[in-house]
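Trainee: I am new to this structure. Please take one part of it and walk me through it closely.

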Amino acid sequence: MVVAAGAAVFVLSAVALEALGGADANSPLPAWADLVPLAWPRAARVAWWTSVAAMAGLFRLALHRLGLPQRPLVVAASVVPFLAFAVGIALGVDWATWH
């Protein structure tokens, strides 16, 4: 139960940090600079979002170990978007940023 809760908090926090960072991303001197993943170098962001995908997978695995059935489609739908985001960042595509 602790693993599932920790993984869920990690994933939700990562999404919240990205959204909060994107809210002021175009300001000339953002107050959040270097604190949120949006301001990190590309390689660090790719590693960050890959770890978020891993934590999403760990969350699903923890639920499975708790006896809750996990459908493969639901597992893929909850992990693949984070991996796709990491790949988008690695390739430098426009949709992989909030600004």
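**A close look at helix 2**

Mentor: Start with Arg45, which sits in helix 2. Keep in mind that the model is predicted. Is Arg45 buried or exposed? Its relative accessible area is 5%, so Arg45 is buried. The cut-off for buried is under 20%. The Arg45 side chain comes to 2.9 Å from the backbone oxygen of Pro37. Pro37 also appears in the contact list of Arg45. Setting aside residues up to four places away in sequence, that list holds Glu18, Pro37, Leu38, Trp40, Phe85, Ile89, Ala96 and Thr97.

Now step back to the whole chain. The protein has 3 helices and 0 strands. Along the sequence, the pattern reads α-α-α. There are 99 residues in the protein, and buried ones make up 31% of them. Take the contacts between residues at least 6 apart in sequence: 60% of these join residues at least 24 apart.

Back to helix 2, which covers residues 42-65. Trp48 belongs to helix 2 as well. With a relative accessible area of 16%, Trp48 falls under the 20% cut-off and is therefore buried. What does Trp48 touch, leaving aside neighbours within four places in sequence? The partners are Phe10, Ala14, Pro37 and Trp40. Ala14 is 34 residues away along the chain, yet the C-alpha atoms of Trp48 and Ala14 are separated by 8.7 Å. Pro37 and Trp40 are partners of Trp48, and both are also touched by Arg45.

Next comes Trp49. Leaving aside neighbours within four places in sequence, Trp49 is in contact with Ala14, Val15, Glu18, Phe82, Phe85, Ala86 and Ile89. Ala14 is on the list for Trp49 and on the one for Trp48. Glu18, Phe85 and Ile89 are partners of Trp49, and Arg45 touches them too.

Trp49 also has a place in the largest nonpolar core. That core has 13 residues, and those with the most contacts inside it are Trp49, Val52 and Phe82. Helix 1 (2-23), helix 2 and helix 3 each supply at least two residues of the core. As a general rule, nonpolar side chains in soluble globular proteins tend to be buried together.

Further along helix 2 is Ala56. Its relative accessibility is 6%, so Ala56 counts as buried. Beyond residues up to four places away in sequence, Ala56 touches Val11, Ser78, Val79 and Phe82. Ala56 and Phe82 are 26 residues apart in sequence, with 8.4 Å between their C-alpha atoms.

How do helix 2 and helix 3 (residues 72-91) run against each other? Their axes come within 8 Å and cross at roughly 175°. That angle is why helix 2 is roughly antiparallel to helix 3. On the helix 2 side, the contact includes Arg45, Trp49, Val52, Ala56 and Arg60. On the helix 3 side, it includes Ser78, Val79, Phe82, Phe85 and Ile89. By class, this contact has 15 nonpolar, 3 polar and 3 charged residues.

One last residue, this time in helix 3: Pro81. Is Pro81 buried, partly exposed or exposed? At 45% relative accessibility, Pro81 counts as partly exposed. Pro81 and Trp49 are 32 residues apart in sequence, and their C-alpha atoms are 9.8 Å apart.

To trace the part yourself, begin at Arg45 and its 2.9 Å approach to Pro37. Go on to Trp48 and its partners, among them Phe10. Then follow Trp49 to Phe82, and finish with the touch between Ala56 and Phe82.

Terms used:
Residues numbered from 1 in each chain as written. Predicted model: local features only at pLDDT ≥ 70, side-chain atom pairs only at ≥ 80, totals over all residues. Heavy atoms only, no water. Helix = DSSP H or I, 4+ residues; strand = E, 2+ residues; numbered from the N terminus. Buried < 20%, exposed > 50% of the residue type's maximum accessible area, 1.4 Å probe, protein only. Contact = heavy atoms within 4.5 Å. Axes fitted to C-alpha atoms, helices over the stretch in contact; angles between N-to-C directions. Parallel < 35°, antiparallel > 145°, perpendicular 65-115°, else oblique. Nonpolar A, V, L, I, M, F, W, Y, C, P; charged D, E, K, R; others polar. Polar contact = N/O pair within 3.5 Å; in protein donor to acceptor, adjacent residues only side chain to side chain. Core = buried A, V, L, I, M, F, W, Y, C linked by side-chain atoms within 4.5 Å.
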